[in-house]
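Subject: Structure handover

Hello,

Here is the structure you asked for, with notes on what turned up in it. Please look at the model first and then read on.

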Amino acid sequence: MIKSMLAGIGIGVAAALGVAAVASLNVFNPAPKYAQVVSATPIKETVKTPRKECRNVTVTHRRPVQDENRLAGSVLGAVAGGVIGHQFGGGRGKDIATVAGALGGGYAGNQIQGAMQERDTYTTTQQRCQTVYDKSEKMIGYDVTYKIGDQQGKIRMDKQPGETIPLDSNGQLILNNNA
């Protein structure tokens, strides 16, 4: 009877140890195999790409002036004014009319030559260029908030993860899922 009692105690101890060993392996409460994705926020970067933009414009130039002081116009005007003034009056009046005509004609010739020089222009077409920037958005990745049981975490990922992220046997995220 003692032998059977000892055998029973031995079997009971072995069974208790077996149950304890199984309980420590979490056979009845297995670890999660996936992390639940709570949110995935896209992270974008604005990229400015320079490019050259050119257009043709019409430019008006003034021709170089040969006679800046407008002497030719003044002289020709004075001669013409003097000839016309000489046609009026008589005696000393004729001389005064000639001088007055020369002065008036000189001034008028000077002004006429100035106006003609201002209008003496030509046009050319020139290309004007400037640098402009095209803006575009480049996807950098996703800021992902996930949950494993009651624990919450954050990570940046290259790709959108979907609804779950797989876990390895140690409960760590598997981020390089090549499957």
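What should the 28 residues of H3 span at 1.5 Å a residue, and how far apart are its end C-alpha atoms? The expected span is 40 Å and the end C-alpha atoms are 41 Å apart, so the two agree. Bear in mind throughout that this is a predicted model.

Overall layout

The chain has three helices and four strands, and along the sequence they come in the pattern α-β-α-α-β-β-β. It has 179 residues, of which 19% count as buried. The exposed area is about 13900 Å², with carbon and sulfur atoms supplying 56% of it. Among contacts with a separation of 6 or more, 73% are between residues 24 or more positions apart.

Helix H3 and what it touches

Helix H3 covers residues 92-119. Its buried residues are Gly 101, Gly 105, Gly 106, Gly 109, Asn 110, Gln 113, Gly 114 and Gln 117. A general point helps when reading that list: an α-helix has 3.6 residues a turn, so residues three or four places apart point the same way.

Asn 110 is worth a look in the viewer. It counts as buried because its relative accessibility is 18%, and the cut-off for buried is under 20%. Beyond its neighbours within four places in sequence, Asn 110 contacts Asn 69, Arg 70, Gly 73 and Ser 74.

Ala 100 is also in helix H3, but at 47% relative accessibility Ala 100 counts as partly exposed. Its C-alpha is 6.9 Å from that of Gly 85, although 15 residues separate the two in sequence.

Helix H2 and the loop after it

Helix H2 runs over residues 71-86, and Val 79 is part of it. Together with Val 75 and Val 83, Val 79 forms a nonpolar patch on the surface, with about 260 Å² of accessible area for the three together.

Phe 88 sits in the loop between H2 and H3. With a relative accessibility of 53%, Phe 88 counts as exposed. Even so, Phe 88 has contacts: leaving out residues up to four places away in sequence, it touches Gly 93, Lys 94 and Ala 97. The C-alpha atoms of Phe 88 and Thr 98 are 8.0 Å apart, the residues being ten apart in sequence.

The disulfide

How many disulfides does a search of the whole structure find? There is one. It joins Cys 54 and Cys 129, with 2.0 Å between the sulfur atoms. The pair links distant parts of the chain, 75 residues apart: Cys 54 is in strand S1 (residues 34-62) and Cys 129 is in strand S2 (residues 121-148). The torsion about the S-S bond is about 110°, so the disulfide is right-handed. Both cysteines are partly exposed, Cys 54 at 36% relative accessibility and Cys 129 at 39%.

Salt bridges

The structure holds six salt bridges; three are described here.

Arg 51, Glu 53 and Asp 134 are linked in a network. Within it, the side chains of Glu 53 and Arg 51 meet at 3.5 Å, N to O, while the closest N and O atoms of Arg 51 and Asp 134 are 2.7 Å apart. Arg 51 is in strand S1 and Asp 134 in strand S2, so their bridge ties together parts that are 83 residues apart in sequence. The three residues are partly exposed: Glu 53 at 35% relative accessibility, Arg 51 at 36% and Asp 134 at 35%.

Asp 120 and Arg 63 form another salt bridge, at 3.3 Å, N to O. Asp 120 belongs to the loop between H3 and S2 and Arg 63 to the loop between S1 and H2, so this pair ties together parts that are 57 residues apart in sequence. Asp 120 is partly exposed at 36%, and Arg 63 is partly exposed at 37%.

A buried threonine in S2

Is Thr 145 buried or exposed? Thr 145, in strand S2, counts as buried because its relative accessibility is 10%. Leaving aside neighbours within four places in sequence, Thr 145 is in contact with Gln 36, Val 37, Val 38 and Ser 39, and also with Gln 152, Gly 153 and Lys 154.

Regards

Terms used:
Residues numbered from 1 in each chain as written. Predicted model: local features only at pLDDT ≥ 70, side-chain atom pairs only at ≥ 80, totals over all residues. Heavy atoms only, no water. Patch = residues over 30% accessible without salt bridge, like charges linked within 9 Å, V, L, I, M, F, W, Y side chains within 5 Å. Areas by Shrake-Rupley, 256 points an atom, 1.4 Å probe, with all protein chains shown as cover. Salt bridge = Lys/Arg side-chain N within 4 Å of Asp/Glu carboxyl O. Helix = DSSP H or I, 4+ residues; strand = E, 2+ residues; numbered from the N terminus. Buried < 20%, exposed > 50% of the residue type's maximum accessible area, 1.4 Å probe, protein only. Contact = heavy atoms within 4.5 Å. Disulfide = S-S within 2.5 Å. Expected span 1.5 Å × (residues − 1).
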